[in-house]
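Me: I've got a protein model open and I'd like to go through it with you, one question at a time. Can we start with how its pieces pack and then look at the hollows?

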Amino acid sequence: MKQVKLRSMLLAALVAVLAAGVVLFCVRYVVRGGQWAAFPANDHAYREGRLALGQVLDRNGLVLYDGASGSWAEDGTIRRATLHVVGDRDDNISTSAKAALRRRLVGFDPLTGTSAGGHKVYLTIDAELNAAALEALNGRKGAVAVYNYRTGDVLCMVSSPTFDPADPPEIRDGDSRYDGVYLNRVLSSTFAPGSVFKLVTTAAALENLDGALDRHFTCTGRLELEGGVITCPYAHGEMDLYDALARSCNCAYAQLAVELGGGTLAQYAEKAGLTQGFSVSGISAAAGQFTAGQGADLGWSGVGQYDDLVNPCAFLRLLGSLAGGKTAGPRLVYQETTMHGIPLPGDGAPSLKAPFDADTCRVLRDMMRNNVQQTYGQSMFGSLAVCAKSGTAEAAPGQSPHAWFAGFVADEDLPLAFVVLVENGGGGADAAGPIAARLLAQAAETAE
């Protein structure tokens with residue numbers, strides 16, 4: 001009798017363990033099934049190691065990649081312009097939709113598995129706007145991004161150099177034509193910001209130096225500080241803070257940097273979101289850095305040189321936060337549906353808080369608008385109320401500086417922020433400004 005009872009207890013324990021195992025497997029199957037299905041070794045989702053399910057489309061429904069056929073968009077310029085946001089054949093671009101969003105593209109369902117053919121992932125980008133950006137870069141290396149700071153939709157994300165994913169070239173080590181071609185420069189690279197960083201130094205001055213707007217500076221073209229000399233291209237003469245930003249006076253901003261101190265500038269670089277990593281629809285973006293230094297090094301750091309590094313997308317997000325009102329952070333996924341068009345729950349755009357006081361943001365907007373009217377020329381942008389700042393950032397010795405042009409449109413009917421970076425392009429306004437103007441004009445035409 002005792003033996004029967006013991007056997008019954010043992011059998012009950014085995015049944016309990018089996019039941020617990022079944023429950024655990026079911027839970028893990030539901031929770032982690034999508035991850036398992038998206039694993040590259042799954043022959044149901046991959047063909048010869050390449051994703052064979054799902055579709056990547058732009059916001060207007062243009063198919064940019066079809067997993068079943070392994071094909072890209074018909075237009076070659078669009079294929080090259082969207083390479084970094086859509087992906088390459090072998091997923092060398094880790095921040096692309098094909099690589100970073102493959103779980104969503106596989107579209108695993110606990111009941112049907114992967115038999116439904118995956119999901120359609122609509123990106124927020126406008127393929128035609130991306131093509132225009134690539135054509136405007138005209139073969140130069142760089143990064144271009146435009147986003148709607150009210151909805152968070154990234155309309156343009158272009159990185160160059162690029163190639164045709166439908167006909168990839170043989171890329172050999174040391175080939176300068178494809179230097180960093182697998183990097184999405186908007187998300188994964190950092191660059192010396194040059195004078196666009198003066199927006200951060202301005203914010204710090206407005207909030208920490210009494211009477212900053214009443215200040216007057218005298219620029220003789222050079223400012224001697226401990227350990228070196230700060231120089232300007234020419235003597236700017238007498239200026240207030242508005243003029244100093246519009247003329248992008250290095251001497252005035254180096255003086256402000258020394259008065260503020262490295263700790264304050266580092267704090268404001270962090271408040272601006274330029275030194276922390278973040279994500280865009282789950283895709284990681286690189287963190288920048290700010291190193292203050294001492295004396296002349298501190299002066300140059302306040303100008304956006306020395307060891308300052310900024311990620312283009314982080315700066316784009318900062319511009320959106322300065323635009324005023326209720327703003328949203330960048331997002332890349334517009335919509336996700338089944339292959340039959342049934343909508344699935346969306347991500348939504350992250351809310352974006354202003355990094356500085358409301359009065360500071362208002363003054364910055366006014367100063368950036370003054371930059372366009374007094375320095376860059378309103379004629380570049382037609383009737384658009386553009387607020388902007390250019391930057392000319394020193395690169396490696398013997399190379400031309402990187403050209404920046406960044407800002408936003410202060411218009412509820414066209415709430416766009418933009419960043420244009422042309423590597424070794426020379427002057428910011430001259431090299432990068434016309435690209436921004438072309439894209440904003442096309443975006444305005446499309447919105448009508």
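Me: At roughly what angle do the axes of helix 8 and helix 11 cross?

Reply: Keep in mind that this is a predicted model. Helix 8 covers residues 198-208 and helix 11 covers residues 262-271. Their axes come within 9 Å, and the crossing angle is roughly 115°.

Me: Which residues of helix 11 make the contact with helix 8?

Reply: On the helix 8 side, look for V200, T201, A203, A204, E207 and N208. By class, the whole contact has six nonpolar, three polar and two charged residues. The helix 11 side is made up of T264, L265, Y268, A269 and K271.

Me: Is the crossing of helix 8 and helix 11 left-handed or right-handed?

Reply: Take the same two helices, whose axes come within 9 Å. As helix 8 passes helix 11, the crossing is right-handed.

Me: Which strands stand at the edges of the open sheet with the order 5-4-3-6-16?

Reply: Five strands form this sheet, and the pairing is mixed. An edge strand has a single partner strand, so one side of it is left without a neighbour in the sheet. That picks out strand 5 (71-72) and strand 16 (333-338).

Me: What is the bridge partner of H119 in strand 16?

Reply: Strand 6 spans residues 119-123, so to speak the stretch to look at, and runs antiparallel to strand 16. Five bridges join the two strands. For H119, the partner in strand 16 is T338.

Me: Which element gives the most to the lining of the largest pocket?

Reply: This pocket has a volume of about 410 Å³. It is lined by 23 residues, with S195, P233, R247, S248 and T392 nearest its centre. Elements giving two or more residues are helix 12 (296-303), helix 14 (358-376), strand 18 (386-393) and helix 15 (428-431). With four residues, the top contributor is strand 18.

Me: How many residues in the lining of the largest pocket are polar?

Reply: Sort the lining by class and you get eight nonpolar and four charged residues. The polar count is eleven.

Me: And which helix gives the most to the lining of the second largest pocket?

Reply: About 220 Å³ of space lies in this one. Of its 14 lining residues, R59, L155, L416, A443 and A447 are the closest to the centre. By class, the lining has seven nonpolar, three polar and four charged residues. Three residues come from the helix that gives the most, residues 433-447, which is helix 16.

Notes
Residues are numbered from 1 along each chain as its sequence is written. This is a predicted model: local features need pLDDT of at least 70, side-chain atom pairs count only at pLDDT 80 or more; totals for chains, interfaces and linings use all residues. Side-chain values use heavy atoms; hydrogens and water are left out. On a 1 Å grid over the protein atoms alone, a cavity is a set of points where a 1.4 Å probe fits but cannot get out, and a pocket is an open set with protein on both sides within 12 Å along at least five of seven lines; lining residues have an atom within 4 Å of a point. Grid points are joined across faces, edges and corners, and a volume is the space filled by probe spheres set on the points. Ala, Val, Leu, Ile, Met, Phe, Trp, Tyr, Cys and Pro count as nonpolar, Asp, Glu, Lys and Arg as charged, and the others, Gly among them, as polar. Axes are lines fitted to C-alpha atoms, for helices over the stretch in contact, and angles run from 0 to 180 degrees between N-to-C directions. A crossing is left-handed if the near helix is turned anticlockwise from the far one by less than a right angle, and right-handed if clockwise. Contact means heavy atoms within 4.5 Å. Two strands pair if DSSP finds at least two bridges between them.
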